[in-house]
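This report introduces a structure to a reader who has not met it before. The sequence and the model are shown first, and the account then proceeds topic by topic.

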Amino acid sequence: MFAYCADPRTLEGLAWLSCYLSSGTHLLFYASFGTVLLLLALTAPVSLALGFLGALAARSGFAPLRWLGKTYAAVVRGVPDVIFFLFVPIALDQGIEWLRSRVYCDPSVPVRQGNEFVVCAAAKMPLGTAPGWVHDAYGIGLAVVAFSIVFGAFATNVLYGAMQAVPRAQLETAEAYGMTPRQIDRRILIPQMWSYALPGLSNLWMILIKATPLLFLLGVEDIVYWARELGGTKTTTYAYPHGDWRVWYFLALLVFYLLMTWVSQRAIDRLSARLSRGQATLAGEAMRKAGVAA
């Protein structure tokens with residue numbers, strides 16, 4: 001905050017606006033953009049890892065493992081995302097607190113008391129005495145788990161389809177040369193599948209970006225939370241009174257998400273061109289012809 005912001009009521013015009021936009025709550029608003037980027041940075045690789053493991057399980061020759069992979073994808077994809085975003089954090093939070101209550105609380109006292117879930121203070125997660133950043137990190141951690149489970153199921157379906165799309169003749173040729181199933185997967189199947197998986201994965205990435213406003217459902221103070229709080233009407237009891245400015249705050253969020261998707265699409269296009277180069281796919285053939293023509 002600038003030195004001249006000590007008494008906002010004496011300010012006007014740009015001076016007032018500069019103090020308003022540099023207030024403590026606005027600094028939290030700006031930091032919440034980092035929260036969204038952090039969620040994306042953590043969720044994307046975890047979801048991709050879950051999807052890859054799920055796809056391998058769905059292709060497994062071991063029937064129980066194959067059923068597990070296909071059931072995971074089918075169940076999660078068949079349930080509305082919002083339900084999982086609400087259910088998973090609550091289930092994890094209560095499960096952790098129940099385990100801690102068996103250690104730190106009197107085990108003879110039930111945690112279910114009517115419709116309430118009650119544990120002693122020592123079993124709370126995080127502890128009530130923990131600093132604020134611990135509570136924020138815990139909430140973001142639960143959000144990452146919830147988002148990863150949902151988008152991991154969709155990634156499972158995408159990667160499974162990509163593996164099935166790799167020409168069977170290539171796998172049979174590798175087998176004829178004496179490669180083991182593990183060598184075929186590592187040298188032929190997995191490198192080839194990314195060209196087929198990228199369109200579906202890029203769609204999932206875009207959907208993940210657009211799903212981040214659901215963070216406020218999990219109690220995380222994200223950009224939507226702060227846009228609603230700061231944009232709402234502020235009376236003269238506040239240091240910076242103003243009318244209903246929510247349209248401007250949400251317009252800023254619109255620009256942010258459009259910029260995110262535009263940058264993402266540019267990166268995806270470059271990655272697609274790189275993965276398709278030299279691959280036995282339609283995209284790779286088109287690139288080969290373009291290179292010859294050039």
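## Burial and helix H4

A residue is called buried when its relative accessible area is under 20%, exposed when that value is over 50%, and partly exposed in between. The model described here is a predicted one. In helix H4, the buried residues are Phe-84, Phe-85, Val-88, Pro-89, Asp-93, Glu-97 and Ser-101. Among the elements that cover these buried residues are helix H3 (63-78), strand S2 (116-117) and H5.

The length of H4 can also be checked. Its 24 residues, at 1.5 Å a residue, should span 34 Å, and the C-alpha atoms at its ends are indeed 34 Å apart, so the two values agree.

## The nonpolar cores

In soluble globular proteins, nonpolar side chains tend to be buried together. The largest nonpolar core in this model has 52 residues, of which Phe-29, Phe-147, Phe-151, Ile-223, Leu-253 and Phe-256 touch the most other members. At least two residues of this core come from each of H1 (13-21), H2 (24-58), H4 (81-104), H5 (132-165), H6 (168-176), H7 (181-211), H8 (223-231) and H9 (246-276). The greatest contribution is that of H5, with 12 residues.

Phe-151 illustrates how distant parts of the sequence meet. Beyond its neighbours within four places in sequence, Phe-151 is in contact with Ser-47, Phe-85, Leu-204, Ile-207, Leu-208 and Ala-211. A second core, separate from the largest one, has 5 residues, including Val-111, Phe-117, Val-119 and Ala-123.

## A buried lysine

Lys-234 is located in the loop between H8 and H9. Which side chain of opposite charge is nearest to Lys-234? That side chain belongs to Glu-229, at 5.8 Å, and Lys-234 is buried without a salt bridge. A salt bridge requires a side-chain nitrogen of Lys or Arg within 4 Å of a carboxyl oxygen of Asp or Glu, so the distance of 5.8 Å does not qualify.

Backbone atoms nevertheless come into polar contact with this side chain. A polar atom of the Lys-234 side chain lies 2.4 Å from the backbone oxygen of Glu-229, and the side chain also reaches the backbone oxygen of Gly-232 at 3.3 Å. With residues up to four places away in sequence left out, Lys-234 touches Glu-229, Tyr-240, Pro-241, His-242 and Gly-243.

## Salt bridges

Side chains of opposite charge can pair when their charged atoms come close. The structure holds 2 salt bridges. In one of them, Glu-172 is paired with Arg-168, with the closest N and O atoms 3.6 Å apart. Both residues belong to helix H6 and are 4 residues apart, about one turn of the helix. Glu-172 has a relative accessible area of 44% and is therefore partly exposed.

Asp-244 and Arg-246 form a salt bridge through their side chains, with an N to O distance of 2.7 Å. Asp-244 is partly exposed at 41% relative accessibility, and Arg-246 is likewise partly exposed, at 37%.

## Two further features

The peptide bond joining Met-125 and Pro-126 is cis, with omega at about -5°. Pro-126 is placed in the loop between S2 and H5.

Leu-37, in helix H2, is partly exposed, with a relative accessible area of 41%. Leaving out residues up to four places away in sequence, Leu-37 touches Phe-256 and Met-260. The C-alpha atom of Leu-37 is 9.1 Å from that of Ile-209, although the two residues are 172 residues apart along the chain.

Key: Residues numbered from 1 in each chain as written. Predicted model: local features only at pLDDT ≥ 70, side-chain atom pairs only at ≥ 80, totals over all residues. Heavy atoms only, no water. Core = buried A, V, L, I, M, F, W, Y, C linked by side-chain atoms within 4.5 Å. Buried < 20%, exposed > 50% of the residue type's maximum accessible area, 1.4 Å probe, protein only. Contact = heavy atoms within 4.5 Å. Lys, Arg positive; Asp, Glu negative; His and termini not counted. Polar contact = N/O pair within 3.5 Å; in protein donor to acceptor, adjacent residues only side chain to side chain. Expected span 1.5 Å × (residues − 1).
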